[in-house]
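Reader: Could you walk me through this one? I would like to start with the charged side chains and then wander a bit.

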Amino acid sequence: AITAGALKKNKHSRMKRFNLLVCLLGFVALALCGMDLVHAVVRLRGNADGEAASLPPFPAFNCTQSWPTPPEPTNVRQLSPSHVKVVMALGDSMTAGFGMHSNELWDISKDLLEWRGKSFSIGSDPGAPTLANYLEVFSPGLVGGARGVSLALDAVKWKDHIIQPFDTKVTHLNGAQSQAKIGDVPAQVGYLTEQLNTTYKAHQNDWKVLTLLITANNDCGSCRGRDYAEPDYIEATLE
């Protein structure tokens, strides 16, 4: 005779096999859909042979300093590009350059990197079309620009909003953090302050350009009613 316990055990075993089969089928479907999605993106961004498309080259920056250097300014309204000696940046993944050099979905070798040397405002990789490189044309010896790549989030202890030591050979004065919100800006300011008081102490009295691009991750919480997405919270935090 088959006992109730045996029937229950047999039913449980069949259920486990059924769940395993469903999971396997789900993974297969996801993989197939994922492949189709990747191929679709390649077709949209590539050519008829399915090869990944390359972005058109940026126009060459041909401006040169062909006028005498203006006198040293006494206020910001008298500034010329040649007066700027330091670039700095605060912000989130857009300024950290997260995933910006990836050309395929799920390209893990590129998707998880911050391409700080190519960041629009502070990247100083040779040939990168960035504000820092454009300023350097007029101000040779400009400092603070980021170079190279960093691994996303490797410098951040998110729970306590603490910036652990960046690889300063890469970041320099780019204090931006991937996934940062407005509440993380004070910690980034602290990092820049520490750098200006140590590594860049000789430049404390030089003219500087500081860019701040933030709140995109705050806005992402607006659909879920998060307090950090409210304009009053953002304004109060900035103050």
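Author: In this predicted model, the side chains of Lys118 and Asp125 meet in a salt bridge, with N and O 3.8 Å apart.

Reader: Is Asp125 buried or exposed?

Author: Asp125 counts as buried because its relative accessibility is 14%, and buried means under 20%. Lys118, on the other side of the salt bridge, counts as partly exposed because its relative accessibility is 29%.

Reader: How many salt bridges does the structure hold?

Author: The structure holds 2 salt bridges. Besides the one between Lys118 and Asp125, there is a salt bridge between Arg116 and Glu114, where the closest N and O atoms are 3.1 Å apart. Arg116 and Glu114 are both buried.

Reader: Which ring has Lys181 over its face?

Author: That ring belongs to Tyr228, and Lys181 lies over its face at 5.1 Å from the ring centre.

Reader: And how many aromatic pairs does a search of the whole structure find?

Author: The search, run over the whole structure, finds 0 aromatic pairs.

Reader: Let me step back to the fold. What order do the elements run in from the N terminus?

Author: The order from the N terminus is α-β-α-α-β-α-β-β-β-α-α-β-α-α, and the secondary structure comes to 8 helices and 6 strands. Among contacts between residues at least 6 apart in sequence, 60% join residues that are at least 24 apart.

Reader: What share of the residues counts as buried?

Author: Of the 239 residues in the protein, 31% count as buried. The accessible surface comes to about 15500 Å², and carbon and sulfur atoms account for 62% of that surface.

Reader: Now helix α4, please. Which of its residues are buried?

Author: Helix α4 covers residues 131-138, and its buried residues are Ala132, Asn133, Leu135 and Phe138.

Reader: What do those buried residues pack against?

Author: The buried residues of α4 pack against two strands, β1 (84-91) and β6 (207-213).

Reader: Staying with Phe138, where does Cys63 come in?

Author: Once its neighbours within four places in sequence are left aside, Cys63 is in contact with Val137 and Phe138. Cys63 and Phe138 are 75 residues apart in sequence, whereas their C-alpha atoms are 8.9 Å apart in space. Cys63 itself lies in the loop between α1 and β1, and it counts as partly exposed because its relative accessibility is 44%.

Reader: What about Gln78, which residues does it touch?

Author: Gln78 also belongs to the loop between α1 (4-45) and β1. Not counting residues up to four places away in sequence, Gln78 touches Pro73 and His83. With a relative accessible area of 41%, Gln78 is partly exposed.

Reader: Following the chain out of α4, where does Gly145 lie?

Author: Gly145 lies in the loop between α4 and β3 (150-151), and it counts as buried because its relative accessibility is 12%. Its C-alpha atom is separated by 9.8 Å from that of Thr130, which is 15 residues away along the chain.

Reader: Which residues does Gly145 touch?

Author: Setting aside residues up to four places away in sequence, Gly145 touches Val87, Ile122, Ser124 and His172.

Reader: His172 caught my eye in the backbone angles. What is its phi?

Author: His172 has a positive phi of about 50 degrees, although it is not a glycine. His172 is found in the loop between α5 (168-171) and α6 (185-196). Thr215, another residue other than glycine, has a positive phi near 90 degrees.

Reader: Where is Thr215 found, and is it buried or exposed?

Author: Thr215 is found in the loop between β6 and α7 (216-219). Thr215 counts as buried, because its relative accessibility is 17%.

Reader: Last topic, the surface. Which residues make the nonpolar patch?

Author: Met94, Phe120 and Leu213 make a nonpolar surface patch of about 270 Å². Of these, Leu213 has its place in strand β6, one of the strands against which the buried residues of α4 pack.

Reader: Why can Leu213 be in a surface patch?

Author: Patches are made of residues with over 30% relative accessible area, and Leu213 qualifies on that cut-off because its relative accessible area is 33%, which makes it partly exposed.

Note on methods. Residues numbered from 1 in each chain as written. Predicted model: local features only at pLDDT ≥ 70, side-chain atom pairs only at ≥ 80, totals over all residues. Heavy atoms only, no water. Phe/Tyr/Trp six-rings, centres within 6.5 Å; stacked < 30°, edge-to-face > 60°. Lys NZ or Arg CZ within 6 Å of the ring centre and 35° of its normal. Buried < 20%, exposed > 50% of the residue type's maximum accessible area, 1.4 Å probe, protein only. Helix = DSSP H or I, 4+ residues; strand = E, 2+ residues; numbered from the N terminus. Contact = heavy atoms within 4.5 Å. Patch = residues over 30% accessible without salt bridge, like charges linked within 9 Å, V, L, I, M, F, W, Y side chains within 5 Å. Areas by Shrake-Rupley, 256 points an atom, 1.4 Å probe, with all protein chains shown as cover. Salt bridge = Lys/Arg side-chain N within 4 Å of Asp/Glu carboxyl O.
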